[in-house]
Each structure stands twice: as structure tokens, then as C-alpha cells.
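Here are some short exercises to work through with the model open beside you. Try each task before reading its solution.

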Amino acid sequence: MRISTLLLFVCIFASYASNASSQTAKVNITNDRMTIGTFIKKVEKETGYMFVYNKGEIDANKTVFLPKGRNTVVNCLSQIFEDSGVNYVFEDDYIVLTKRAQAKENPVAQQSGKIINGVITDETGLSVIGANVVVKGTTIGTVTDVDGKFSIEVPSDDAILVVSYIGYMEQQIPVKKQKNWAIVLKEDSQSLDEVVVVGYGTQRKGNIATAVTTVKAETLQNRPVQTVGEALQGQVPGLRVTGKGAPGESPSLQLRGSSVLKADNSTAPLILVDGVPADFNFLNPEDIESINVLKDAASSAIYGSRAANGVLLITTKRGKEGKPTFRYNGSVGVNTPMHMPETISSAQYTRIMNEAVGNMNQAPVYTDEQIANYEKGEDPNRYPNTDWLDLAIQNSVTTRHGIEASGGTEKVKYLVSAGVDHQTGIFPMTQQNVFNVRSSTDIQISKKFDVSFDIRYQLRDMEGLNDQKDIYKQIIGADPTMVAYYTDGTYGYNAGFFTNPLVALYEGGQKFTNRHEASGLFKLNYEIIEGLTFTGIANVKYTFKGEESREHKLFYKSFFTQDVFEKGENSFSDRRDQNNYYNLQALLNYKKSFGVHNLDILAGYQQECEDSDWLKGARSGYPTDLIWELNPGPKDNWSNDGNGEHWALASFIGRINYDYDNKYILSLSMRSDASSRFAKGSRWSSFPSVAVAWRMSQESFMEGTKDYLDDLKIRASWGQTGNANGLGLYPSYTLVSTGGLILNNSYQQIAQLKSIGNHDLSWERSEMFNIGLDAKLLNSRLNFTGEYYVKNTKDILLAVPVPLEYGFGKPNMNIGQVRNKGWELSLGWSDRVNDFGYSISANLSDNRNEVVDLGDTGPWKNSTTYTEVGLPFNSIYGYESMGLFQSDEEVAEAPFQNSKTGAGDIRYKNQNGDNKIDANDRVVLGDPNPHFLYGLNLSFDYKNFDLGMFFQGIGQQDRIVKDNFVRPLYDATILNISWIIGHHRIRMPNTRVS
């Protein structure tokens with residue numbers, strides 16, 4: 001519970017007041033050496049009093065000495081704060097500690113000034129009690145009272161008030177002529193006392209020894225994006241987010257590079273919502289409290305075999321004590337496609353086409369009369385000028401609405417929310433509607449026992465095109481001389497392969513998908529003894545998805561002959577998927593402080609399992625497109641299919657966090673996993689980690705830096721994680737497939753071996769070493785974090801060549817290895833002056849991928865990629881260009897390429913000196929991985945107005961240049977105007993192509 005909430009009930013008095021209860025309250029001192037913070041916790045535990053103090057004034061880490069045995073709290077406080085200038089006040093159930101500055105004799109202080117009155121609240125409107133208000137450059141100061149009010153005499157109108165409170169950003173306010181102030185403090189998201197969610201628990205931000213990045217709720221809520229994943233773009237150093245754009249498609253996430261040796265294997269991090277796996281992309285952003293990204297192996301090793309690619313922990317909001325509050329949030333956004341390909345007119349197209357075929361000594365395609373008619377545009381039915389992209393691509397619209405109700409008492413707190421998102425695509429006939437409903441309830445049954453219930457339901461209703469990629473290819477392949485619509489409004493008919501892509505777009509049919517997800521999370525906490533808590537978690541998630549695909553027979557009609565042409569047939573498919581997921585956790589957590597020694601121990605067991613089934617039926621040849629059900633479809637052209645799968649995972653979990661005097665930090669963790677994917681002798685594997693940190697700023701020799709250095713921490717960590725990526729669910733089992741064939745004019749069912757199980761398969765393992773530096777300066781206004789890491793992924797599954805006589809596919813073995821090295825930097829500044837606040841943050845990261853071992857199976861080559869030890873996976877591969885041939889004489893003197901090579905063609909380098917250009921002259925041309933990922937965030941706010949700007953991108957990435965990028969007329973409408981201005985072949989610049 002935040003101190004600011006508790007302060008609502010506290011009064012601060014200028015002098016010491018006592019009563020019978022305060023005089024008699026006693027505490028049992030069992031250790032004569034302890035920190036002030038430990039003493040405070042002990043008093044709160046044994047007496048029921050709660051302390052209120054400013055951590056900027058009271059050093060909770062200071063070690064004090066008290067006599068053992070039972071003693072009154074008053075006597076202990078008197079001994080602890082003797083000659084320290086700290087006053088203590090008993091008021092009801094609270095003990096308030098304050099430290100008042102003593103005025104110095106100086107000319108400024110003796111000047112007569114004026115009285116300034118004010119009130120200080122937080123962003124929710126609650127009074128901030130005990131906030132410091134000091135006149136800058138002097139020792140004149142005061143603190144706010146129970147209502148957040150203060151009164152202070154300042155020497156002149158030029159004075160500046162410095163307002164500060166622990167956990168909030170400091171503000172400097174010029175007094176000028178104003179006498180009454182209403183000051184709103186904003187929470188400091190960089191506060192060292194902030195609690196950060198980590199694996200199976202929480203830690204103080206200042207005591208974290210691993211690489212963890214936190215993204216707060218306001219970052220997600222103010223971004224005009226369609227998914228939560230896209231809101232993370234540029235926010236987390238080392239996290240690459242690639243958006244898909246189409247409604248219902250989730251962006252791909254990649255953290256600290258790729259560690260796979262198969263392009264279709266997933267590199268996505270593990271995503272957990274409130275501690276259980278879930279897809280977070282289509283959650284209501286208003287429900288999210290924070291996202292914590294566990295980037296190094298030491299922080300993610302607690303998740304073992306599922307954390308090889310990092311972990312994202314999403315924490316949702318919960319109800320808070322107080323009267324019912326209601327919130328509504330709504331937004332509307334328009335997304336405009338950018339950097340669209342430039343197109344040319346039909347007249348330009350005909351001239352260029354004639355020139356192109358002329359260069360190949362062929363007859364012109366278009367006559368001068370036809371070209372003139374395209375130029376005039378007087379007969380659009382015969383001589384159209386069609387911009388296909390303009391007709392097919394549109395702006396997309398996103399609308400979002402959310403409501404929330406929350407509140408509660410000391411015993412019961414609740415939060416209920418609902419949201420709806422609507423998104424259209426850049427293609428017509430595509431859209432998604434997402435409905436979210438969520439409730440959370442926290443019940444404090446007794447002082448030691450509490451439970452919570454979370455229920456969430458989500459419906460995603462999507463409409464898409466059956467063959468969107470194919471339709472897009474048709475659109476960019478259609479040339480501007482093809483007619484889209486006749487003047488009577490009917491679709492144009494163009495003889496040839498691309499009849500009219502708009503007919504396929506608008507009339508070809510759609511895919512309708514609805515996905516229902518319902519989940520429940522039950523959690524109980526019971527404090528067995530002081531410091532030892534048992535936590536039990538049960539989670540169930542049921543997902544049902546229905547998908548219907550409707551394909552229409554297409555009709556085209558000639559404007560001139562009125563002939564009707566048909567293409568395709570009416571067909572229908574219906575698929576139903578069901579998925580049931582179960583997660584049980586039993587955790588024991590022990591937290592205890594022994595003087596300057598702080599200990600946090602976690603032990604637990606987790607069990608997960610998932611069952612999935614799907615069933616699909618299809619019919620084709622429907623006589624009409626009015627009824628879309630399986631039963632009315634023809635029985636002579638049908639199919640059905642289905643399958644079911646199951647997997648399970650059992651895990652033992654352990655972690656020890658220790659710190660000495662908040663200066664020296666140690667974290668040890670271990671997880672052992674057993675997977676149903678492997679044979680009995682290979683199921684179990686353990687994944688350890690260790691992390692250490694040194695808060696150098698806490699050392700006595702750093703006392704001279706406290707005026708500007710708030711925190712300086714050096715970190716180092718090592719850890720292991722596992723991965724079963726690309727294995728499938730049954731790699732250790734010999735599988736049998738069934739089918740059928742016709743024998744003697746009758747259908748016979750058969751069974752055959754599909755694959756041979758490998759009992760020796762085991763986990764892929766990733767080891768990561770990480771060092772980091774965290775620094776906070778100038779009252780935490782300036783923040784810096786730097787990271788360097790080396791990640792080695794071993795025992796990667798690779799297919800091993802076998803003789804043809806083996807009769808099955810290539811078996812997998814744990815023989816591959818990949819290394820990723822990288823660094824990350826982030827720098828931020830935030831400040832507030834009066835009602836104006838501003839912040840700027842930037843991050844930059846880079847990762848280098850290298851194949852270390854292919855188990856004697858390499859090199860791997862195909863037409864455009866090359867994989868070998870010492871190179872990045874799937875390096876770009878092809879012929880190296882030396883420019884263009886400038887004359888036929890130069891062609892004759894160069895190594896032979898092909899019989900049609902002439903002036904203006906690309907000249908390739910003869911790499912092996914055999915005087916000919918063939919496949920043996922291909923070389924590695926580039927690295928396909930992105931480098932220098934960057935993000936820049938700017939935000940400004942003034943009273944109730946705010947402005948945010950965001951920039952993110954990639955500094956360097958090599959790409960394959962081919963097809964329409966280097967070949968004019970390859971796709972008819974993708975023609976940059978530069979092809980027209982300088983299209984002669986020998987004027988093309990040097991390039992390297994594959």
C-alpha cells in the first residue's frame with residue numbers, strides 16, 4: 001500500500017505529544033544491532049503502530065544499537081534519534097518522524113518576506129502529507145499537514161520553492177506574485193523503492209541484480225496502435241517489434257536477437273499475464289498496470305525451459321481501498337499507408353513497354369495511335385488509365401472505448417472493466433472487433449489469510465480475405481492499361497491471367513473468424529509464521545475458435561460483347577478449434593531481515609498441461625452462394641479432417657535473494673523442468689542462475705557525491721535457460737500415420753510408419769552472461785542504464801543426413817550452436833517546473849549473430865541465403881556486381897555470363913577466376929539481421945494538456961534487392977518515376993544483387 005494513501009489519516013504536530021498508550025507500548029529487542037528500517041518493521045509488527053516519515057530525511061539503512069529485551073518504543077526512539085534533529089510524534093495509530101531544518105543567520109533569512117500558502121496532492125487528488133517545502137538556497141522549510149496544506153514565509157518574490165517527497169518527482173516553483181498554490185506531484189517511475197514484478201514475486205527496484213526493463217501503464221495508453229505489442233516499439237532496448245498491420249494479426253517480438261537455426265522456429269519471448277501464459281496483444285490497454293521485460297538469463301531462468309527468448313511479465317490493475325470510482329477512456333485514430341509505390345500513367349507505360357521490347361529487338365506492343373488514345377483518355381472503356389493501388393488501398397480506422405469501476409474497503413477490494421476495440425484494414429472487406437471483460441476481487445479474510453479471484457473473457461471477431469497476399473500481388477501486377485470499371489459501373493474484363501483483381505477483392509469471398517477465450521485465476525496467500533507465506537495459484541483457460549472460409553464463383557462481363565465469363569466455383573470450409581489449458585502453482589516465500597542482512601527465499605512447484613482438438617469439414621461446387629453450411633454442399637466433392645494433441649510440463653522452482661545493508665546484492669535461482677515431449681530418461685533438466693550487484697553509491701567513500709549522485713549500481717549475472725522449440729509434441733515417439741487407397745475398386749484403410757522416435761533428444765540450452773550499470777543523478781531526474789551480454793545457445797536440434805535406405809525423414813540431433821553478442825544503452829531526463837513537466841528518453845542497442853557449430857552438416861546454401869560457421873544465420877548470398885557493361889567490347893573481354901549478355905547488363909565478379917560466371921561465383925553479400933535499434937520518446941504536459949512524440953527505427957539492415965526493385969515492368973504498377981527520367985540501362989548505378 002502506498003504511503004501516500006496511509007498519510008490521509010495522519011496528523012503532524014510541531015511538538016512531542018504523548019499519552020498512556022504511547023508511553024506503555026513496548027517492543028522486544030532480540031538483536032542489539034539493527035538498522036532503523038528493521039526497527040521500524042519490528043515496531044509495526046509487534047505494536048500495531050505504523051510509521052510515517054520522509055525517506056529523504058530518515059536513513060532507514062543506518063545501523064543503530066539498542067539493549068536487548070523488552071523496552072518501550074518511546075525509549076528506543078529517544079536513543080535512536082538522540083542529537084539527530086529528528087522529532088517523533090504519536091498520533092492515534094501512527095508514529096510520525098520529521099526533521100526540521102534550523103534557520104541560519106544570514107542576510108537573506110533576516111529579510112522580511114511574505115507568507116505563501118498551498119496544498120499538495122498526488123495525481124489522483126489525494127493529499128500528500130509530510131511533503132518537504134523548502135526555499136531554494138536557504139534552510140527555510142516546512143512540511144505539509146494532514147490535509148496536504150503548508151504555509152511558509154519566503155524572503156522575496158524571486159524565491160523558488162523546492163517541493164519533494166519520496167516516490168515523487170521533485171518540483172521547483174518560482175514564487176513571483178502568487179501567494180496561494182495548488183501543487184500536484186507526479187510519481188517518480190524511476191524510484192529505487194518502486195516494487196518491480198519479477199519471476200514468481202516482486203523486488204525493490206534498487207535491489208535488482210539482473211537486467212529488467214519496466215514499461216509503465218501510461219506508455220501503453222497514450223499510443224495510437226492496434227495491439228499492446230506495437231505499443232512497446234522503441235520502449236525497451238534490445239526488443240524488436242515488427243507489426244503486421246492487418247486486423248487481428250499480432251506483431252512479432254524478438255528480444256536480444258535470434259538463437260535458432262531454422263527460419264520457421266519461433267523467437268518470441270514467453271509472455272505471462274498476472275503470472276500465467278497468455279496473449280497480451282489484444283488485452284484492453286486500460287487494464288494493464290505495467291510490463292516488465294526480463295532480458296538476461298539470470299532473471300528469466302526461474303521460468304526454465306520456456307524462457308530461452310526472454311520473458312514479458314504483464315501486471316494488470318487491481319482495486320484499491322476507497323469509495324467507488326468510475327472511468328471512461330475513448331479514442332479514435334486514422335492510419336494512413338506511407339511510402340506507397342509510385343505508379344505511372346497508361347500512356348507512359350505504353351511508351352516504356354515499347355522501348356523495352358525494342359531493346360530486345362522485338363516489335364512494338366502498342367501502336368502510335370493506341371498511345372495517343374491512352375494519352376487523350378477520351379475512351380476509358382478501351383483506353384483506361386487505372387491506378388490499381390489507389391482503388392484497392394484505403395486508410396484504416398481504429399476506435400477504442402473502455403470503462404472501469406473500482407473501489408473497496410480494507411477487507412474487500414474490486415475492479416471491473418470492459419473494453420471494445422474496432423479496427424478496419426487497409427484492404428476493404430477486412431476488420432476486427434475485440435470485446436474484453438475483466439473482474440478482479442481481493443478479499444482479506446484475516447490478518448494472515450487473503451484470497452483473490454480474477455475472471456477474464458475476450459471475444460475477437462475478425463473478417464478477412466481468403467487470399468490477401470495473392471490479391472495484393474495481382475494488384476501490383478496489373479498494368480494501368482487494364483480497365484478496372486466500365487463507364488456503366490460494372491467490373492472491367494481483361495483477357496489474360498490478371499482478369500481484374502478488384503473482382504477477387506470485393507466479390508471473391510471472405511474468411512470469418514470468431515475466437516472466444518475465458519480464463520479464471522484463483523490465488524490465496526497464508527502467512528504460516530512471521531515472514532513465511534504460502535501462495536497457491538490455480539488457473540484455467542478455455543479457448544474456442546470457429547473459422548469459416550467462403551469462396552465465390554467469379555463472373556466477368558465484357559462491356560462490348562456482353563459475353564459472361566466464369567472463374568472458380570463456390571466453396572466452403574468450416575473449422576472448429578478448442579484448447580484447454582491448466583496451471584497449478586504452490587509457492588513458499590520467506591522474507592526476513594536480520595539487522596543489515598535481508599533474505600528472500602522462494603521454493604515452489606508448478607504443473608502445466610494443455611489439450612487441443614480441431615475438426616474441419618469442406619465442400620465445393622455449391623450451386624448458389626446464398627447458403628453457407630456444410631450440409632447443403634455437394635456430397636461428391638467434400639473432405640473432412642481433425643486431430644488432437646496434448647502436452648504437460650512439471651517444474652520445481654527455487655530462488656534466494658540476499659542483500660547486505662542494501663549495498664551488496666546476491667541472487668541465486670534454479671528451476672528443474674520435466675516435459676512430456678521427451679522420453680523418460682531425458683525429461684528432466686535443471687536451469688541455474690546467479691546474479692550479483694554492488695550499490696557503490698551506498699559506500700562511505702561516496703559521501704561526497706550525494707549532492708548529485710542518487711544511485712550507482714554495477715551488476716553481473718550468468719544463467720541458463722532451456723528450449724524445446726521446433727521439436728513438435730512427440731519427437732521421442734515412433735509415430736504411425738493412417739490413410740487409404742483403392743484396391744479392387746474399394747477403399748481400403750492403411751497405416752504406415754511416419755517417423756522413428758529418438759529417445760536421446762533433450763533440451764536446447766542457452767547460457768547468457770550479462771554485465772550492467774545503473775546510474776541515477778540529480779534527484780533521479782537523469783537516469784542511465786548500460787548493458788553488455790553474450791548469449792550462447794547449445795544443443796540446437798538439427799536434421800542429420802542419412803542414407804536413402806533409411807526410408808524416413810532426416811532425424812534430429814542436439815548438435816547446433818549459435819552465439820549472440822550485444823549491448824544496450826538507455827538515457828532519460830525528466831523534470832517539472834510549476835505546472836509544466838517534460839521528459840526525454842532515448843535508447844540504442846545492437847546485436848551480432850554468429851553460427852558456432854552446425855555439427856558437420858554445413859554449409860547450407862540456397863538461392864539467396866548461406867549459413868556457415870562464423871557467419872550470421874541465413875546470410876544474404878548471391879552474385880557480386882561490378883557495375884554495368886558499358887559496351888559490347890567490354891562484354892566480349894569479360895568472363896562469360898550467358899549468350900544474351902550485352903551492354904547495359906549487370907557485370908558480375910568472377911570470384912574463382914575460371915573465366916565464367918556460374919553458381920560457384922556466389923558469395924556472402926550481407927547480414928539479414930537488424931542493427932542499431934533505436935527509440936526516442938518526448939513528452940510534455942501542462943496542467944490538463946499533454947503532448948507526446950515517439951520515434952523508433954533500425955539504423956542498419958541488409959536486404960535482398962530483386963524483382964520489382966531492380967527490374968522495371970516486373971510488376972507493372974511498381975514503377976518509380978526515376979525509371980522514366982533516366983531509364984537507359986547503362987545509367988543504372990552500381991549495385992550488389994542476389
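**Exercise 1.** Which strand gives the most to the lining of the largest cavity?

Solution. First, a word on the ground rules. This is a predicted model, where local features need pLDDT of at least 70, side-chain atom pairs count only at pLDDT 80 or more, and totals for chains, interfaces and linings use all residues. Residues are numbered from 1 along each chain as its sequence is written, and side-chain values use heavy atoms, with hydrogens and water left out.

Step 1: find the cavities. A cavity is a set of points, on a 1 Å grid over the protein atoms alone, where a 1.4 Å probe fits but cannot get out; its lining residues have an atom within 4 Å of a point. Searching the whole structure gives 13 cavities of 30 Å³ or more.

Step 2: take the largest cavity, which holds about 140 Å³ of space. A volume here is the space filled by probe spheres set on the points, with grid points joined across faces, edges and corners.

Step 3: look at the lining. It has 14 residues, and nearest the centre lie Arg256, Gly257, Asn847, Pro930 and Leu933. Strand S44 (residues 836–853) contributes the most, with 3 residues. Strands are DSSP runs of E of at least two residues, helices are runs of H or I of at least four, and both are numbered from the N terminus.

**Exercise 2.** Place Asn657 in its surroundings: is Asn657 buried or exposed?

Solution. Step 1: locate the residue, which sits in strand S35 (residues 638–660).

Step 2: apply the cut-offs. Buried means under 20% relative accessible area, exposed over 50%, and partly exposed in between (1.4 Å probe, protein chains only). Asn657 counts as buried because its relative accessibility is 8%.

Step 3: list the partners. Contact means heavy atoms within 4.5 Å. Beyond neighbours within four places in sequence, Asn657 touches Gln203, Asn598, Leu599, Asp600, Leu666 and Ser667. With Ser667, the side chain of Asn657 also makes a polar contact of 2.7 Å (a pair of N or O atoms within 3.5 Å; within protein, one must be able to donate a hydrogen and the other to accept it, and residues adjacent in sequence count only if both atoms are side-chain atoms).

**Exercise 3.** Where in the chain is confidence lowest, and where is it highest?

Solution. Step 1: use pLDDT, the predictor's confidence in each residue, from 0 to 100. The chain has a mean of 85.

Step 2: compare elements. Helix H1 (residues 3–6) is lowest, at a mean of 35, and strand S30 (residues 532–551) is highest, at 96.

Definitions and conventions: On a 1 Å grid over the protein atoms alone, a cavity is a set of points where a 1.4 Å probe fits but cannot get out, and a pocket is an open set with protein on both sides within 12 Å along at least five of seven lines; lining residues have an atom within 4 Å of a point.
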